[in-house]
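Work through the exercises below with the model open beside you. Try each task before reading its solution.

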Number of protein chains: 2
Amino acid sequence: MATLVVLGSGIMATALATPFTDNGNEVRLVGTHLDRDIIESIKNTGVHPNLNLKVPDGVTAFQLEEAAEAFDGVELVMSGVNSFGVDWAGEQLAGLLRPGMHVLALAKGMQADADGNLTILPRALMNQVPKELRDQLSISAIAGPSIAGEVAIRRHTSVVFTGENQEVLDMWRGLYETDFYHVWTSTDFVGVEVCAATKNCYAFGAGFMHGQLTAMAETNPQYVNYNYGAALFGQASVEMTQFMDLLGGEPSTVLGLPGIGDCFVTSMGGRNVKVGTLVGTGMTFTQAKAQMPGVTLEGAAAIQVIGDAFERLTERGVLKQAQFPLLRHLHDVVAKDGAVDVPWKTFFGGNGSGQG
Amino acid sequence: MATLVVLGSGIMATALATPFTDNGNEVRLVGTHLDRDIIESIKNTGVHPNLNLKVPDGVTAFQLEEAAEAFDGVELVMSGVNSFGVDWAGEQLAGLLRPGMHVLALAKGMQADADGNLTILPRALMNQVPKELRDQLSISAIAGPSIAGEVAIRRHTSVVFTGENQEVLDMWRGLYETDFYHVWTSTDFVGVEVCAATKNCYAFGAGFMHGQLTAMAETNPQYVNYNYGAALFGQASVEMTQFMDLLGGEPSTVLGLPGIGDCFVTSMGGRNVKVGTLVGTGMTFTQAKAQMPGVTLEGAAAIQVIGDAFERLTERGVLKQAQFPLLRHLHDVVAKDGAVDVPWKTFFGGNGSGQG
């Protein structure tokens, strides 16, 4: 039996306790300062209020001030915070980790330095941990298409565990794999994490399909604007591949679960799509965001970070202006309150230059 | 001004008259023996009854017995029949084509010989034309995500024109490209057409996602079974790439419009998804088909042809049994009335072998 300590008790971190405990393991769930009510609810009733489900037997909840107790004697750690909490989580972990521990990260997104150099979030997380300690830990991540609620109720889910060390990935897979939770592994850490981050960006764009249809006041249900959406989705798959060139991932990682599969499920609904839909109807991003108070918009945040970095990289000559036309348009919408006006003719390498 | 003669007056063949005539060109639409009522309606009222729209100015309708008149003096020909009519259309064209003509084909699917060797449909079409004449014609095709009705009403649509001759493709593009109908070209004829055929197969599988949810009698709208669907979609993208190895297309063709983009739009709805959904609820394919009398199921037909061919190719040692696990499962469902039981662990190269 293994014991995992999880920092952050959001819905995905908690949902993943289902396959882990189904295998006879135990989870210690430590809330952040934002999770006090969640932890209180689990302690009192066993129910995670946002998942709206009882947590499995084998899960114990801890408030943040009980973190040291929760970390006592365990070797397996999950960072379950979202992309906005990665630096904070890294700082916390710097005081809680010990040599030999294995860390599994969930947050999806990227960070950039002043020159526009982009970093995947598991690396950003570990950058908060002193190098000497960091070198004695392993860092891996979970990616691929999974809606948390469906994992929690044991719906078939296929994911990718990624990191640099195959043995560590095999260890994690052994702990999580069940009859419904299907796990593959990939040592293309950068490629998988870049797909995971950018799919949130492109899902925001997928919302345009619905929003533009609303803006046209189309009343015939036969006209669904899917031709529009399919071209965005196709261009997303091409740009994901170009990210591999830029950041050093494997082009084949875009196929299958990490890129195409995750982009599909993320484009089918959720917060990113919702705010993109509002923008598609004709609102500015600022107006659309105001319609969703208190909602964390990881896709829009990733567009801001990556698009800002692309401006630096273009100034430096690392990127050409003609590259990533969809991501740049999304950035114009999010960072500059630009109107949705998809630059179709620039897609797929530009008109007349052939496919792909 | 150019004049195009179209054999077959189905919804896609007719919808494509919109961008073509928007550019000042004319269309002569020739119905097949199955299209008599459509042609009669267009002649009398200008309305295509299945599109439920008036055809554009510049379209003239002809019954099949008027075909020779329609073909008189034109150099541009479209074969607009569906996959079930390809051989018939080729036989008709053999008597109507003249040296120097350019042919554009719409039907998506594959044909196989007794050894399991697969042929794309534009080639099958032209195989009905005597070789001496065939060598004096060009053959191209239109592929990529486009719902006919949306093309007809000028919704943004991005497609790929494919064939072996770049100059011919550029000519066709010049005739069709408008502000809403965006055209790219690809000389990867086999790759584009294989994507176009197989996306219909995988869209049938996408229906399982909905059908299985119905079978579970899930009442909470929060549980949408998209994790299930995303894994199918991801495996589809991997198998499409393996088709490129098998049949000689470019792996990069799977990205962008011809593969991923078209698979997305086709998986979002339509007949293939509907019959797949019925099978997902627990019906046999035979039972599901009986629920949809008179409906042509091109995806199921393609699964039958390709799956049968895979059995021959496996016997011959060209394919390994472990290749194409999703397509083979779809074949088991369609050809043998097998129950839906997705072989998850065999996806993505098999469990433990890493991603992709």
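**Exercise 1. Overall size**

Task: compare the radius of gyration of chain A with that of a compact globule.

Solution. Start with the rule: 2.2 Å times the number of residues to the power 0.38, with the radius of gyration taken over C-alpha atoms. For 356 residues, a compact globule would have a radius near 21 Å. Chain A has 20 Å, which agrees. Next, look at the box. Along the principal axes, the C-alpha atoms of chain A fill roughly 60 × 45 × 35 Å.

Before going on, note the conventions. This is a predicted model, where local features need pLDDT of at least 70, side-chain atom pairs count only at pLDDT 80 or more, and totals for chains, interfaces and linings use all residues. Residues are numbered from 1 along each chain as its sequence is written, chains are lettered from A and ligands numbered from 1 in the order in which they are written, and side-chain values use heavy atoms, with hydrogens and water left out.

**Exercise 2. Make-up of chain A**

Task: state how many helices and strands chain A has, then describe its burial, contacts, surface and charges.

Solution. Step one, secondary structure. Chain A has 16 helices and twelve strands. These are DSSP runs numbered from the N terminus: helices are H or I with at least four residues, strands are E with at least two.

Step two, burial. Of the 356 residues in chain A, 60% are buried. Buried means under 20% relative accessible area, exposed means over 50%, and partly exposed lies in between (1.4 Å probe, protein chains only).

Step three, contacts (heavy atoms within 4.5 Å). Take the contacts in chain A with a separation of 6 or more: 69% of them join residues 24 or more positions apart.

Step four, surface. Chain A exposes about 13,000 Å², and carbon and sulfur atoms supply 48% of that area. The areas come from the Shrake-Rupley method with a 1.4 Å probe; for residues, only the protein chains shown count as cover.

Step five, charges. Chain A carries 22 positive and 37 negative charges, and their mean positions are 3 Å apart. Lys and Arg count as positive, Asp and Glu as negative; His and the chain ends are not counted. Each charge is placed at NZ of Lys, CZ of Arg, CG of Asp or CD of Glu.

**Exercise 3. Two copies**

Task: find what turn and shift lay chain B on chain A.

Solution. Superpose by least squares on the C-alpha atoms of residues with pLDDT of at least 70 in both copies. A turn of 180° with a shift of 0.0 Å along the axis gives an RMSD of 0.0 Å. The two copies are thus related as by a two-fold rotation axis. Now check the interface. In chain A, 100% of the interface residues of chain B are also interface residues, so the copies meet through the same surface.

**Exercise 4. Positive phi**

Task: locate B:Asn225 and B:Asp337, and decide whether each is buried or partly exposed.

Solution. Recall the background first. Most residues other than glycine have a negative phi. B:Asn225 has a positive phi, near 65°. The residue sits in the loop between helix H10 (189-215) and helix H11 (226-247) of chain B. With 1% relative accessibility, B:Asn225 counts as buried.

B:Asp337 also has a positive phi, near 55°. Its place is the segment after helix H16 (325-336) of chain B. B:Asp337 is partly exposed, at 29% relative accessible area.

**Exercise 5. Neighbours of small residues**

Task: list what B:Ala17, B:Gly229 and B:Ala107 touch, leaving out residues up to four places away in sequence.

Solution. Begin with B:Ala17, in helix H2 (residues 17-22) of chain B. B:Ala17 is buried, at 4%. Its partners are B:Asp22, B:Val27, B:Pro56 and B:Val59. The C-alpha atom of B:Gly58, 41 residues away along the chain, lies 8.6 Å from that of B:Ala17.

Move to B:Gly229, in helix H11 of chain B. At 6%, B:Gly229 is buried. B:Gly229 touches A:Phe264 and B:Met209.

Finish with B:Ala107, in the loop between strand S7 (102-105) and strand S8 (110-112) of chain B. B:Ala107 is buried at 10%. Its contacts are B:Val81, B:Asn82, B:Ser83, B:Val86, B:Leu121 and B:Glu193.
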